[in-house]
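Please find below some notes on the strands and the cysteines. They are meant to be read with the model open.

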Amino acid sequence: MTAKVTYLGELRNSCEHLASGDTFTTDAPIDNNGLSQAFSPTDTVATGLASCMITMMGIKANGLGVALKGATAGVTKHMATEPRRISKIEVVLNLPNAISDKNRKILEHTANTCPVHFSLHPDIEKVITFHWDL
């Protein structure tokens, strides 16, 4: 197993990564009967996309001899109804500007081909913006 999820009651879960013991809590969002006091399950999916993109860029950057430390990603998740689902994920990446145009293109391609990006349903709109201004 990769992880264990334990229902805590009141629409909250404790999620444990079994290899490391690291944990986080999820909570249902306000618009779905929860208190929104932690990431919702769909928040973790949207955030996972951004985290995967930056991780893959970091792996590629290491190979290129490029520093990405301090890069950030802002994530906005949009929900649809009937059925309730993620309809759109916006990711705005803020990256160091001291990177050549050639390496920027390589890193952008790497981000757009991360495993989570490929794993999300094609009906989920993904709007990815790269700002090379750090």
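1. Strands β2 and β3 are a suitable place to start. Residues 12-17 make up β2, and this strand pairs with β3 in the antiparallel sense over 5 bridges. Please bear in mind throughout that the model is predicted.

2. One position to check in that pairing is Ser14, which stands opposite Thr25 in β3. The two strands form a hairpin with 5 residues between them. Gly21 lies in the turn of this hairpin and has a positive phi of about 80 degrees.

3. On the pairing of β1 with β2, the strands run antiparallel and are joined by 6 bridges. Here Tyr7 stands opposite Asn13 in β2. The hairpin of β1 and β2 has 2 residues between the strands, and Glu10 in this hairpin takes a positive phi near 50 degrees.

4. Taken together, 3 strands form an open sheet, with the order β1-β2-β3 and antiparallel pairing. The edge strands are β1, residues 3-9, and β3, residues 23-27; each of them pairs on one side only. From one strand to the next, the twist averages 25 degrees. As background, the strands of a sheet pair through backbone hydrogen bonds, in either a parallel or an antiparallel way.

5. Next, the cysteines. How many disulfides does the structure hold? The count is 0. Cys52 is in no disulfide, and the nearest cysteine sulfur to it, that of Cys114, is 3.3 Å away. Likewise, Cys114 is in no disulfide, with the sulfur of Cys52 as its nearest cysteine sulfur at 3.3 Å. A disulfide is counted for a pair of cysteine sulfur atoms within 2.5 Å, so the pair Cys52 and Cys114, at 3.3 Å, is not counted as one.

6. Are these two cysteines buried or exposed? Cys52 has a relative accessible area of 12% and is buried. Cys114 is buried as well, with a relative accessible area of 0%. The cut-off for buried is under 20% relative accessible area, which is why Cys52 at 12% falls in that class. When viewing this pair, please check the sulfur of Cys52 and that of Cys114 together, since neither cysteine is in a disulfide.

Note on methods: Residues numbered from 1 in each chain as written. Predicted model: local features only at pLDDT ≥ 70, side-chain atom pairs only at ≥ 80, totals over all residues. Heavy atoms only, no water. Pairing = 2+ DSSP bridges. Helix = DSSP H or I, 4+ residues; strand = E, 2+ residues; numbered from the N terminus. Axes fitted to C-alpha atoms, helices over the stretch in contact; angles between N-to-C directions. Buried < 20%, exposed > 50% of the residue type's maximum accessible area, 1.4 Å probe, protein only.
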